[in-house]
Number of protein chains: 2
Amino acid sequence: MTTPSSDAREATPAEVRAYAERVRADVEAELDRLVPVESADPPSVHAAIRWSLFAPAKRFRPLLVTASGETFGATPGRLIRTACAFELLHTYSLVHDDLPAMDDDELRRGRPTCHVKFGEATAILAGDALQTLAFQTIAEDETLDASLRVRLVAGLARAAGTPEGMVAGQAHDLAAETRDDVSGEELELIHRRKTGALIASAARAGALVAGASGEELKAVNAYALDLGLLFQITDDLLDVTASAFALGKTPGKDARAQKATYPALYGLAAARLRAHEVFESACAALDLIDSPTAMLRGLARLVLEREK
Amino acid sequence: MTTPSSDAREATPAEVRAYAERVRADVEAELDRLVPVESADPPSVHAAIRWSLFAPAKRFRPLLVTASGETFGATPGRLIRTACAFELLHTYSLVHDDLPAMDDDELRRGRPTCHVKFGEATAILAGDALQTLAFQTIAEDETLDASLRVRLVAGLARAAGTPEGMVAGQAHDLAAETRDDVSGEELELIHRRKTGALIASAARAGALVAGASGEELKAVNAYALDLGLLFQITDDLLDVTASAFALGKTPGKDARAQKATYPALYGLAAARLRAHEVFESACAALDLIDSPTAMLRGLARLVLEREK
């Protein structure tokens, strides 16, 4: 398939915002049902889980699950728990990445980080429990066939673990911090694993729930890998240009930590140019899909132009 | 069913040792296939995973999966990956529990703990990846029906997480450390979650793979809950009486940390008596099972009389 799809329309920013707001509300309501109440024994861990999970957040991975799934015809009701599982997994990674032994961050999603608020031991346990709950949520989703659930668990695990997933990327990133010879190629490998793998997996998961074809899965995967890369480039750009108030986390940390970033490697202007190229590449991948891809295109634009 | 089973024979210590040795060798060979090689990128995490996973260990949870599964007629080939998943999950919990912010242990399975050898960040990531791999291993076990894999993932998750599983128990345990009013009842609740839940889940998982009936699952669950409690009582006793050389970890830590333990609460003699009562209770639960339970009985005896 190399002919362009009949519908290359892009959802308007207003349409994307309205859709994102609806998904955010649905996902947060479902997460509230999935996570034990704060008073449930032991309260320390449940308070910590809820602190990190219910901080104001974009819910970008759930959004990608639902937008991708709905593109190929899945109903929201069959996508919601898979969407939540990705947010649970992502939140575990934030809680652990912020720990003093890791990135040592004190501000996240506009709040003190989990270990600052609840102590390190509780933060480690909260992250551990969030990861567990992510897999449990998919395994117990009775709206989906068992064979589908098994594929989703395996896909989420491969995106989260080693050697190709998030933990591998984070370990590589930590190892690269003390070096000053990180190439652009190596930087992209780190980001592909650290951020891109989970984002691509979210888009694939939605398409899987919808019963998309192999060709469609391949196209959506290519789109999402670009989207993950785009997300990281704009993240690096925002770290240089945005305020803590807008970001909800501490800006300028990358530069102080002398981390390899796109602006550091290429300069601001070239990094912005690279972001536009990657955006175009993501949209080109969608040209191979026959279903209406307006929302996926709009989401890519949202990432390109995000201000936090 | 209240009539005793026709076979209440107990496997001899020699039979149990031979069986345990065979399972240990099979499980370690399979774990070696499941975990990326040490040179796989990023090497730090894979070296840390292998350091903690392949230290000399009893492989007690895998042993329980296979002994329970074989009791109800499952073949070893269908049990091996579920057995490995429990060991991966258990090892993640050891790596995280040993961290400075948690129990702050320097010796485990006869070796320096993961964070002492590889640093805290790598130990956190190694534990995270081990948990992920546990769920992945079950999800990708093609010898089992998808519907069975889904039940196994859900069961493992409930035993590992909150509010009823291992993380809940560990959080409760940490919260109780600073208090001097922990009752015997509360101590048993902590242990049931911290150790018992995963051990009971291992025994249930084996029976599930074998297609055991609801009554059989109930009986094996009661047996395994007692076994978990027995394991903890003898663990507490060994912390008082054994040497670091025999234990492979630092003894006397509980007393120094003024932790609530069975010997501390009841005295040595009463704790030993309680261990015998719990052993008898575990065996009584097996009386309700018609399949030959000799190995499960022998395993309970092994725990009662263990010296490390």
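**A short tour of a two-chain model**

Hi everyone, let me start with a single residue: Asp226(B) is buried, because 25 other C-beta atoms lie within 10 Å of its own, and 20 or more is what counts as buried. Before I go on, please keep in mind that this is a predicted model.

So where does this aspartate sit? Asp226(B) belongs to helix α10 of chain B, which covers residues 214–241. And which residues does Asp226(B) touch, leaving aside those up to four places away in sequence? They are Val278(B), Ser281(B), Ala282(B) and Ala285(B). Look also at Phe279(B): 53 residues separate Phe279(B) from Asp226(B) in sequence, yet from C-alpha to C-alpha the two are 7.1 Å apart in space.

Now let's move over to chain A and look at a pair of helices. Helix α3 of chain A, residues 60–71, packs against helix α9 of chain A, residues 184–209. The angle between them is about 35 degrees, and their axes are 7 Å apart. Is the crossing left-handed or right-handed? For α3(A) and α9(A), the crossing is right-handed. If you'd like to find the contact on your screen, α3(A) brings Arg61(A), Leu64(A), Val65(A), Thr66(A), Ser68(A) and Gly69(A). From α9(A), the contributors include Leu198(A), Ile199(A), Ala202(A), Ala203(A) and Gly206(A). By type, the residues of this contact between α3(A) and α9(A) are 9 nonpolar, 4 polar and 1 charged.

Next, how do the two chains meet? Here 44 residues of chain A are in contact with 44 residues of chain B. On the chain A side, the elements giving two or more residues are α2 (43–53), α6 (120–139), α7 (146–160) and α8 (166–176). Which of the elements gives the most? That is α6(A), with 13 residues. Sorting the chain A side by residue type gives 26 nonpolar, 12 polar and 6 charged.

Last topic: symmetry. A turn of 180 degrees, with a shift of 0.0 Å along the axis, lays chain A on chain B with an RMSD of 0.0 Å. Such a relation is that of a two-fold axis. The same surface serves both copies, as 100% of the contact residues of chain A recur in chain B. And if you want to picture where the rotation axis runs, try Ala146(A): of the residues of chain A, this alanine comes closest to the axis, with its C-alpha at 2.7 Å.

That's my tour, thanks for listening!

Notes
Residues are numbered from 1 along each chain as its sequence is written. Chains are lettered from A and ligands numbered from 1 in the order in which they are written. This is a predicted model: local features need pLDDT of at least 70, side-chain atom pairs count only at pLDDT 80 or more; totals for chains, interfaces and linings use all residues. Two residues are in contact if their C-beta atoms, placed from the backbone, lie within 7 Å. Helices (H or I, at least four residues) and strands (E, at least two) are DSSP runs, numbered from the N terminus. Ala, Val, Leu, Ile, Met, Phe, Trp, Tyr, Cys and Pro count as nonpolar, Asp, Glu, Lys and Arg as charged, and the others, Gly among them, as polar. A residue is buried if 20 or more other C-beta atoms lie within 10 Å of its own, exposed if 12 or fewer, and partly exposed in between; C-beta atoms are placed from the backbone. Axes are lines fitted to C-alpha atoms, for helices over the stretch in contact, and angles run from 0 to 180 degrees between N-to-C directions. A crossing is left-handed if the near helix is turned anticlockwise from the far one by less than a right angle, and right-handed if clockwise. Copies are superposed by least squares on the C-alpha atoms of residues with pLDDT of at least 70 in both.
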